[in-house]
Amino acid sequence: MGDEYVDGKCKIMSACSSAKLFLFMVPLLVVSGFGFVNIGPKNPISFLTSLSTNQISPPLPSYPSLPPAAPSPSPPTSSLSTKAESIQGNYNWTIQLNPINIASTSSNVSSTASLKLMKERVISNLKKIEFELQKARVAIKAASINDPLDDPDYVPLGPMYWNAKAFHRSYLEMEKQFKIFVYKEGEPPLFHDGPCKSIYSMEGNFIYEMETDTRFRTNNPEKAHAFYLPLSVVKMVRYVYERDSHDFSPIRKTVRDYIDLVGDKYPYWNRSIGADHFILSCHDWGPEASFSHPHLGQNSIRALCNANTSERFKPRKDVSIPEINLLTGSLKGLVGGPSPSSRPILAFFAGGVHGPVRPVLLQHWENKDSDIRVHKYLPKGTSYSDTMRNSKFCICPSGYEVASPRIVEALYSGCVPVLINSGYVPPFSDVLNWPSFSVIVSVEDIPYLKTILTSISPRQYLRMYRRVLKVRRHFEVNSPAKRFDVFHMILHSIWVRRLNVRIREV
C-alpha cells in the first residue's frame, strides 16, 4: 500500500482543515400502538431504512485481494439473559449475553451491596437513554403527517428524499439528543488517526471531526447512545500488515485485542455485545477487518464505503458511506460546473480495467461512439475533471469493489451519475431516493446504455440535474463540519441504526 494513500494526518491546520448496541439490556418504556416510521419506499424493512431486499440486484462474483478469513471464535456463554429487539419488521433477533462481569473488571468492588448499587445505577441510566430514544421514534413518526418544520439553514424538500419531513424531524432529534462516546484507548497511527488526502479520506476526516466535536461527543459514557471504536483499517494495512504476505491475521489480532481491551476496562461493550458500538472504514478490507471479532461483524454498526451485500453488508444495521477522493484534503476546485446547455457530451467514463463490470463496459463502448465517451486512458491533453463537467451523465461502474469515488465526483461536478454495479447499497439510501437523481443500469443492460440515456427526455434530465445540485450538499466535506454535510449525514445514518434497536432486560 503506497504512502500516497495514507498521508495527511487530520489535525488543526492539517490538510483536512483549510483554516485551522444487545445491551445490559434494561426495561424499556413501550409506547402503546407504536409503529414503524416510513421515510423510504413502501414496506420498509426497518424503522427508517428504505432499502428492501428485492431492490438489491443479484451479486456478481467478488474479486477481493484478501486471504481467507479465519474461523471466528465462539461467543462467550452467559449466566444472565438479556434481550435485544430489532425494530425492523421481520428482522427480529434475540441474543443471550453476560452484560458485565463486575468482579473481573473492577477490583474495587467487593461487596454484594456495592455490586447491587452499581447495577442499579447502570440500569437507571440505560432506562433514561431508551426512554429518550422512544420519544424520538414517536416524534419522527408524527412528522410524516405534520407540516414541514422551519429551519434557518436547510429544509429538505422534494423527490430526492423518500420522506423529507420524517428525515428532517429525525435529523433535528439527532441534533437535540444524540451523544457518542469515543474510546480514548489506543495510540496513533492505528487509532485516533486516519488518512485525509487519499481515496480513503473519509476515515481520517470522520475521526478528526469526532475527536474535535463538542456537540455530539460526550466524555461521560453513561450518557452515550452510541460508542465509537476509533480504529483505522487503512493505517493497519500500512503499519501492521506485511505487504504481499497474504497474512491478514495481524490485522485481525489488532482489532480483536482492541475490543478485548475496552471490553475489560468498560462495561459498555459487554452489556450490549457491541450492538450500540460502531466502526467506520473506507478501505476495501474494512468488511473483512470487522469480522475479526464475532460480535463486531454480527452485531455492531459498520459504516463502510465497500457496502456490498454479497460481502455480508446488512442495510438494516450497517451504514453505506461515500468514497471521496480528496487528494489535496479539501474541496477547493472540485465543486461546480456549467449549466446543462453547456454540456455537449452525453456520457463519460475513464478509468482502469479491473473487477467484473468495467471490462464489459469497455468491450461495448471504448472509443466506439462520440456521444458515449468511454476510455481506458484519456487522450493526451484531455482533462478528466473538465470532461466530467462537460458531460450530462457520468458513468460510475464498480471496480474490484462496488464503491467508486466517481459517484461523488459526478455529484460535485453537476453530472448525473449512472450507477452500474451489483449488490451495492448507495450512501444514505435510507433517506435519499437515488433513482430520482441518478440512472441505475444493470450490467446486462450495458450494451443498451445509449438507448437508455437518450430515452430520458430533456425535461426529465433537467429535473435530475437540479436534484443533483440539491443533494450534493449531503456529500460535501467541510472543516469544520456544517449541518447536513457528509459528516452529519453519516452521523444521522448511525443514529437511525441506533433507533432500530430496542433494549430490555428479561
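Select Phe-278 to begin, and then look across to strand E5, where its bridge partner is Ile-301; helices (H or I, at least four residues) and strands (E, at least two) are DSSP runs, numbered from the N terminus. The model on the screen is a predicted one, in which local features need pLDDT of at least 70 and side-chain atom pairs count only at pLDDT 80 or more, while totals for chains, interfaces and linings use all residues. Residues are numbered from 1 along each chain as its sequence is written, and side-chain values use heavy atoms, with hydrogens and water left out.

**The open sheet**

Widen the selection to the five strands that form an open sheet with parallel pairing, in the order E2-E3-E4-E5-E6; two strands pair if DSSP finds at least two bridges between them. At the edges are E2 and E6, each of which pairs on one side only. Helix H4 packs on this sheet, where it touches E2, strand E3 (226-228) and E4, and its direction makes about 135 degrees with that of E4. For that angle, axes are lines fitted to C-alpha atoms, for helices over the stretch in contact, and angles run from 0 to 180 degrees between N-to-C directions.

Now stay with strand E5 (residues 301-304), from which Ile-301 and Ala-303 point one way and Arg-302 and Leu-304 the other way, all of them buried; buried means under 20% relative accessible area, exposed over 50%, and partly exposed in between, with a 1.4 Å probe and protein chains only. Strand E4 (residues 277-281) pairs with E5 in the parallel sense over four bridges, and Ser-281 has Leu-304 of E5 as its bridge partner. Two bridges also join E5 to strand E6 (residues 319-320), again in parallel, and there Leu-304 stands opposite Ser-320.

**Met-210 in helix H4**

Next, select Met-210, which lies in helix H4 (residues 201-212). Is Met-210 buried or exposed? Met-210 counts as buried because its relative accessibility is 0%. Not counting residues up to four places away in sequence, Met-210 touches Ile-180, Val-182, Arg-217, Tyr-228, Phe-487 and Leu-491, where contact means heavy atoms within 4.5 Å. Of these, Val-182 is 28 residues from Met-210 in sequence, and the two are 7.6 Å apart in space, C-alpha to C-alpha.

**The nonpolar cores**

Select Phe-206, Phe-393 and Leu-453 together, the residues with the most contacts inside the largest nonpolar core, which has 92 residues. A nonpolar core is a set of buried Ala, Val, Leu, Ile, Met, Phe, Trp, Tyr and Cys residues joined through side-chain atoms within 4.5 Å. Helix H15 (residues 486-499) gives the most to this core, with nine residues. Centre the view on Leu-453, which, leaving aside its neighbours within four places in sequence, is in contact with Leu-346, Ala-347, Ile-372, Phe-393, Val-418 and Val-439. Apart from the largest core lies another, of 25 residues, among them Phe-181, Tyr-183, Val-255 and Trp-269.

**A β-α-β unit**

Move on to strand E7 (residues 345-350) and strand E8 (residues 372-375), which run parallel and are joined by four bridges. Ala-350 stands opposite His-375 of E8. Add helix H10 (residues 358-365), and the right-handed β-α-β unit made by E7, H10 and E8 is in view; a crossover is right-handed if, with the strands pointing away from the viewer, the path from the first strand over the helix to the second runs clockwise.

**Salt bridges**

The last stop concerns charged side chains. How many salt bridges are there? The count comes to 18, a salt bridge being a side-chain nitrogen of Lys or Arg within 4 Å of a carboxyl oxygen of Asp or Glu. Select Asp-193 and Lys-235, whose closest N and O atoms are 3.6 Å apart in a salt bridge. This pair links distant parts of the chain, 42 residues apart, with Asp-193 in the loop between strand E2 (180-182) and H4, and Lys-235 in helix H5 (residues 233-239). Both Asp-193 and Lys-235 are buried.

Then select Lys-450 and Asp-371, whose side chains meet in a salt bridge (3.1 Å, N to O). Here too distant parts of the chain are linked, 79 residues apart, Lys-450 being in helix H13 (residues 449-454) and Asp-371 in the loop between H10 and E8. Lys-450 is partly exposed, with a relative accessible area of 25%, and Asp-371 is partly exposed at 30%. Finish with Asp-151, Asp-153, Glu-175, Arg-215 and Arg-483, which are linked in a network of salt bridges.
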